[in-house]
Every structure is written in structure tokens, then in C-alpha cells.
Amino acid sequence: METTSIYLDHNATTPMDPRVLEAMLPYLRDKFGNASSKSHAWGWAANEAVEAARESVGSILGAAAKDVLFTAGATEANNLAILGSFPLRSAGGKTHVITSAVEHHAVLDTVDELRRRGFESTVLRPDASGGVSAEQVRNAITDRTLLVSLMAANNEIGTLNPLEEIGAVCRRAGVLFHTDAAQAVGKIPLDVEAMQIDLLSLSGHKFYAPKGVGALYVRSRPTRVKLTPLQHGGGQERGLRPGTLNVPGIVGLGAACRIAQEELGAEAARLTSLRDRLYQNITSRVQGTRRNGSPTAGLPGTLNLSFEGIDGTALFLSLPDIALSSGSACTTGSAEPSYVLKAIGVSDRLAMSTVRFSLGRFTTEAEVDQASARVADAVLKLRSRLAAVSGAS
Ligand SMILES: *Cc1c(COP(=O)(O)O)cnc(C)c1O
């Protein structure tokens with residue numbers, strides 16, 4: 001049988017949509033101007049393209065364009081949102097941040113940095129599906145709380161947080177609400193007004209724009225969120241993110257937002273049905289699987305499965321032609337079980353035999369069928385080999 005390579009790791013990064021690349025090309029060729037150049041046509045063309053992209057990013061978030069700042073990605077946006085909310089000398093005794101144990105490292109490590117700077121943090125434990133409730137947030141808020149930072153959708157297990165309810169709790173308590181929406185933008189509907197979000201981070205390469213570009217939404221109305229910049233320089237992006245703008249990347253991000261906004265409804269339905277097909281295909285052949293995350297409040301294209309009684313490393317080695325993610329992180333060369341799976345109560349042993357499938361815009365039904373057959377074959381083969389070994393000993 002001919003084996004073809006199948007990419008099912010879209011939560012790590014996506015390919016660029018050809019339409020995105022097409023939109024960017026002129027800005028990599030003759031429209032190469034600096035968007036800050038105010039005295040000639042090259043600069044004007046670049047600036048116009050940046051402002052059009054700002055409109056598109058604002059539009060997919062239900063936000064005003066002027067509240068969108070371009071960054072190099074979600075890591076930088078998270079750093080600016082979290083560190084930038086806490087000035088060096090805390091104003092009015094506001095010294096407390098609330099986050100959760102399943103956030104991306106770009107949030108967790110930034111909150112660690114706040115702690116080193118003398119601020120306090122509360123790290124909420126999610127429920128067994130990986131979500132945090134508005135009730136938990138309400139109970140954790142004190143009169144010193146300045147910021148709540150909770151992700152829109154988890155990158156490993158796909159669980160969605162109840163943003164609208166959390167936003168309402170934060171607004172009522174007068175606390176800023178930041179969400180890392182790197183996995184949510186372009187995949188599920190978001191609205192910074194309905195969800196009462198004050199700060200929102202997004203990343204281009206998670207929804208078919210290139211790597212190295214992202215954005216931070218910063219609310220200006222009814223009250224402006226005051227941020228302290230992390231970098232200093234030429235005053236671009238209202239002085240909050242100085243540096244010459246990445247015009248081609250920003251144009252790509254704008255195109256990606258326009259495409260995603262137009263296709264979101266149909267694409268979410270398509271990915272949900274492909275994900276369910278993947279799950280059915282595998283579980284109809286393989287017993288002893290555990291599905292991690294929420295079966296009801298999850299990202300359309302994400303499926304996280306633990307297979308009892310197999311070695312995850314052996315499974316990955318036997319599937320070289322399928323791009324998947326494991327339930328472990330390689331820190332300093334040794335494999336550690338994922339902290340996200342640990343936080344939702346998956347044993348270390350089971351975490352090490354976990355696979356994350358993340359489907360995307362160009363994933364086909366044929367690919368899903370091939371991948372599920374190959375994964376099921378590999379799991380069953382590893383199990384029978386293990387049974388033979390333990391039977392022989
Ligand atoms: C990918 C990702 C990030 C980091 O985004 P970059 O643009 O690669 O810096 C942050 N948070 C989540 C949830 C992500 O999935």
C-alpha cells in the first residue's frame with residue numbers, strides 16, 4: 001500500500017492559505033515601503049495596507065480597528081498584556097493576577113516573572129475536562145486583583161472556557177480580563193463586547209497566516225486599558241509596540257482574518273464532523289481509549305486520545321508519515337508527561353501514551369480515514385506485541 005504523508009498537527013502551526021500568500025506577495029516585492037514613511041507613495045501604500053489589515057483583525061473580534069496592536073505573535077502579545085498591565089510601582093495596591101494551570105507557557109512563564117517582580121498570583125485548577133468556571137474566578141478575586149488571564153481554547157485538549165460568563169464576573173468586579181485566544185481566533189466566534197474582554201492575544205500562524213505575526217487587542221472604551229510598553233523606540237503602535245512594522249506579515253494576518261471570518265461557520269461544522277469521524281473510526285476498532293477534554297465545549301478540529309497499555313514513543317516511531325503531537329513535552333531532552341494532562345487528572349503513564357490530532361482547513365475525509373486506520377493498526381499491533389512478550393515471560 002502506498003503511504004502518503006498526512007499533517008494532523010494544526011494546533012502547532014498551520015500551512016499558509018494560498019490566498020494569504022497571494023495577498024502578501026506584492027508587499028514582499030515592489031510595495032516594500034516602511035509604513036511609518038509619511039512623505040512618499042511607498043510609505044503610504046504600506047500604511048494603507050496595514051490599516052486595512054487592522055480593520056480585518058478588529059472585525060473578526062467585534063473590536064474597533066484602532067484597538068488592535070500588531071505584534072510578532074501570541075507570545076509577545078501575552079507578555080505585553082500581562083507584564084504591561086502591572087506597572088513597576090503597583091498603582092492603588094493592585095498586585096494580584098489570576099490564571100489557570102493549563103495555560104500556554106507564554107502565559108504561565110510570564111505570570112512567574114510577575115511573581116519574581118513581587119506580585120502575587122492565583123493559579124486555578126481546571127475541572128476534569130480542562131475548563132475553568134466563572135464561579136471559580138469569582139471566588140478567587142480579591143480587592144487586590146488587577147488582572148484575570150484565562151485562555152479561550154486549550155492548545156492540547158481543545159477545551160473552551162466560558163468567556164462570556166468569566167468576562168461578566170471580571171467586569172462586575174472591576175478586574176481586567178485577558179484571554180489568550182491563539183487557538184480560538186478563526187475557529188470559533190469571538191466578540192470582545194459580548195464577552196467583555198479587555199485584552200486578547202492572537203497568532204497568525206495558528207490560522208493560515210505566516211509565522212512571526214500576531215496581535216493584541218487592547219480595549220479603549222468605555223475605559224482605556226493602561227499598558228506599560230515592554231520595548232522603547234520609534235513610537236509605532238501608539239508607543240506600545242515600537243519597531244518597524246512587519247508589513248507583509250500584517251497583510252497576511254489581515255487576509256487570514258477575512259477568510260476565516262467568511263468561512264468560519266461552514267468550516268467549524270466540517271471540522272467537527274471530521275473530528276467525530278476520526279474518533280468513531282478509531283474507537284470502533286480500539287478498546288481502552290480515553291478522550292481528554294470536553295466532548296461538548298471543545299475546538300472543532302481537536303481530538304486528544306490516550307491509549308491504554310502502549311508506549312507512546314513506540315507508537316510515534318511506528319507512524320512516521322503522520323504529523324501528530326504527543327502527550328509529553330521534551331524538556332532538556334527527556335520526555336515529561338504534559339502538565340495539561342496532569343492538571344486534568346490523567347496519570348503520568350497514560351499521558352505518555354496520548355496523541356493529539358488537530359485537523360485543519362485542508363484536511364480531507366480521505367486523510368482522516370487513512371490516518372485513523374494507520375493509528376488503529378499501530379495501536380493494536382503494539383498491544384499484541386506487548387501481550388506476546390508478557391505471555392512469553
Ligand atoms: C501557539 C500558541 C501561543 C504562542 O503563539 P506564537 O505566535 O507562536 O508566539 C500562545 N498560546 C497558545 C494557546 C498557543 O496555541
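This section describes two sheets, a ligand site and some unusual backbone positions in a predicted model.

The first sheet to consider has 7 strands. They form an open sheet in the order 2-8-7-6-5-3-4. The pairing is mixed. In general, strands of a sheet pair through backbone hydrogen bonds, either parallel or antiparallel. Strand 2 (68-71) and strand 4 (120-124) stand at the edges of the 7-stranded sheet. Each has a single partner strand, so one side of each is left without a neighbour in the sheet. From one strand to the next, the twist averages 20 degrees.

One of the pairings in this sheet joins strand 3 (residues 96-100) to strand 4. These two strands run in the parallel sense, and their pairing spans 5 bridges. S100 has L124 of strand 4 as its bridge partner. A helix also packs here. Helix 6 (residues 163-173) lies across strand 5 (145-149) and strand 6 (176-180). The angle between helix 6 and strand 6 is about 155 degrees.

The other sheet is built from 4 strands. It too is open, with the order 9-10-15-12. Its pairing is antiparallel. The edge strands are strand 9 (289-292) and strand 12 (325-326), and each pairs on one side only. Strand 12 pairs with strand 15 (residues 354-358) in the antiparallel sense, over 2 bridges. Within this pairing, S326 has V355 of strand 15 as its bridge partner. Helix 7 (residues 247-285) lies across strand 9, strand 10 (302-307) and strand 15. Helix 7 runs at about 15 degrees to strand 10.

The ligand site comes next. G73, A74, T75, H104, M151, N155, D180, A182, Q183, S203, H205 and K206 surround the ligand. By class, this shell has 3 nonpolar, 7 polar and 2 charged residues. Several side chains approach oxygen atoms of the ligand. An N or O atom in the side chain of T75 is 2.6 Å from a ligand oxygen. For the side chain of S203, the distance from an N or O atom to a ligand oxygen is 2.6 Å. For the side chain of K206, the corresponding distance is 2.7 Å. On its own, the ligand has 380 Å² of accessible area, and the protein covers 88% of that area.

Some ligand-shell residues also fall within the 7-stranded sheet. D180 belongs to the shell, and strand 6 spans 176-180. S203 is likewise a shell residue, and strand 7 covers 199-203.

The backbone has several unusual positions. Most residues other than glycine have a negative phi, and most peptide bonds are trans. The peptide bond from R221 to P222 is cis, with omega near 5 degrees. P222 sits in the loop between strand 8 (214-218) and helix 7. R238 is also placed in the loop between strand 8 and helix 7. Although R238 is not a glycine, its phi is positive, at about 55 degrees. Q196 is another residue other than glycine with a positive phi, near 50 degrees. The loop that holds Q196 runs between strand 6 and strand 7.

Technical notes: Residues numbered from 1 in each chain as written. Predicted model: local features only at pLDDT ≥ 70, side-chain atom pairs only at ≥ 80, totals over all residues. Heavy atoms only, no water. Near = heavy atom within 4 Å. Polar contact = N/O pair within 3.5 Å; in protein donor to acceptor, adjacent residues only side chain to side chain. Areas by Shrake-Rupley, 256 points an atom, 1.4 Å probe, with all protein chains shown as cover. Nonpolar A, V, L, I, M, F, W, Y, C, P; charged D, E, K, R; others polar. Pairing = 2+ DSSP bridges. Contact = heavy atoms within 4.5 Å. Axes fitted to C-alpha atoms, helices over the stretch in contact; angles between N-to-C directions.
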